[in-house]
Amino acid sequence: MAFTIRQLQFFIAVAEQGTVSGAAQNLSISQSSVTEAIKELESDLGVELFERHPRGLNITHKGHQFLRHATKILADVSDARRSFSGEQAATGGRLQLGVTSLVAGYVLSDLLSRYRRAYPGVEVSAIEDNGDYLEHLLIGGKLDIAVMVTSNLRDRTALQSEILEVSAYRLWLPLGHPLAGADIIGIGDIASEPLIMLTVDEIEENTGKLLTAIGARPHVAFRTRSVEAVRSLVATGAGVALLPDLVYRPWSLEGDRIESRDISGSLPVVQVGMVWRRGSGLPQAARDFIGLAQSQRMVRQRL
């Protein structure tokens with residue numbers, strides 16, 4: 001039996017929520033319907049997509065691989081529907097994009113791929129830089145749109161933004177770490193842990209604020225601008241990391257497992273969105289990009 005679009009939607013919801021109950025609540029359906037759909041999907045694929053444990057589910061390596069395919073399938077379905085909705089693809093034009101390094105590979109890549117398929121006649125150029133410089137380029141008219149972290153946007157009077165995704169901070173741990181089995185983890189529990197610090201966007205600033213709030217000085221074992229380096233270092237036991245769930249993947253490049261756990265208390269969130277100059281007459285190519293991003297966000301919200 002071939003898998004269905006509905007099963008893919010249920011699978012993605014469980015992967016994002018980490019529990020069947022959370023996915024069922026998000027989808028407004030019964031837990032039994034979600035459980036049955038996942039079982040049927042695993043049977044059809046012949047692989048185990050999740051590891052079951054008392055606190056919920058962990059996606060397996062095979063499940064993580066299939067998640068990329070499932071997300072792309074649903075995006076393609078959305079594109080197919082759009083092609084018959086009366087919207088006409090732009091025949092030409094140019095789109096100038098900016099992106100911050102934290103979101104380049106986690107938000108923009110899929111969005112840009114869909115845009116190129118929907119509007120193949122548009123010439124797209126994109127640059128990656130820090131948020132302050134992208135704001136400068138937007139205000140100066142050098143960029144049409146930036147996809148970036150908006151929770152620390154500086155000039156909100158000159159710039160307009162729209163949130164695409166909100167991501168909470170979570171604790172990354174190596175497999176077998178003592179905190180991985182704790183029922184509740186507080187920020188104080190990691191005060192003495194060696195930290196692998198990601199130094200892009202607002203990550204280092206937020207992590208430092210969290211630990212300073214409890215009177216602890218961060219014990220930074222390693223600083224890096226590479227998320228993949230953080231994954232590898234955490235997986236091999238060099239330290240732990242506090243990072244937004246947006247960039248979490250359960251495996252390092254070497255194939256080592258990384259655990260992710262909630263932290264109790266009030267933690268900041270990272271908002272990722274589109275930013276453009278307020279009051280500017282955006283070219284059609286930029287308006288089409290905004291519309292496509294909005295439709296993708298609505299598809300995710302319906303999952």
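The legends below describe an overall view and several close-ups of one predicted model.

Residues are numbered from 1 along each chain as its sequence is written. In this predicted model, local features need pLDDT of at least 70, side-chain atom pairs count only at pLDDT 80 or more, and totals for chains, interfaces and linings use all residues, while side-chain values use heavy atoms, with hydrogens and water left out.

**Figure 1. Overall view of the protein, with nine helices and eleven strands.** The radius of gyration is 20 Å, close to the 19 Å that the globule rule gives for 303 residues, so the protein is as compact as a globular protein of that length. The radius is taken over C-alpha atoms, and the rule is 2.2 Å times the number of residues to the power 0.38. Helices (H or I, at least four residues) and strands (E, at least two) are DSSP runs, numbered from the N terminus. Along the principal axes, the C-alpha atoms fill a box of roughly 55 × 55 × 35 Å. Of the 303 residues, 47% count as buried, meaning under 20% relative accessible area (exposed is over 50%, partly exposed in between; 1.4 Å probe, protein chains only).

**Figure 2. Close-up of helix 2, residues 20-27.** Its buried residues are V20, G22, A23, A24 and L27. Just after the helix, S28 takes a positive phi of about 60°.

**Figure 3. Close-up of helix 5, residues 101-118, and its kink.** At 1.5 Å a residue, the 18 residues of helix 5 should span 26 Å, and the end C-alpha atoms are 25 Å apart, which agrees. The expected span is 1.5 Å times one less than the number of residues. A kink of about 50° is centred on L108; the bend at a residue is the angle between axes fitted to the seven residues ending there and the seven starting there. L108 is also one of the buried residues of helix 5, which include L111, L112, R114 and Y115.

**Figure 4. Close-up of strand 6, residues 159-174, and its partners.** Strands pair if DSSP finds at least two bridges between them. Strand 6 runs antiparallel to strand 11 (residues 269-277), joined by nine bridges, with I163 and G273 as bridge partners. Strand 9 (residues 241-244) pairs with strand 6 in the antiparallel sense over four bridges, and R170 stands opposite L243.

**Figure 5. Close-up of strand 10, residues 258-261.** Strand 10 pairs with strand 6 in the antiparallel sense over four bridges, and I258 is the bridge partner of P174. Both faces of strand 10 are covered: I258 and S260 are buried on one side, E259 and R261 on the other.
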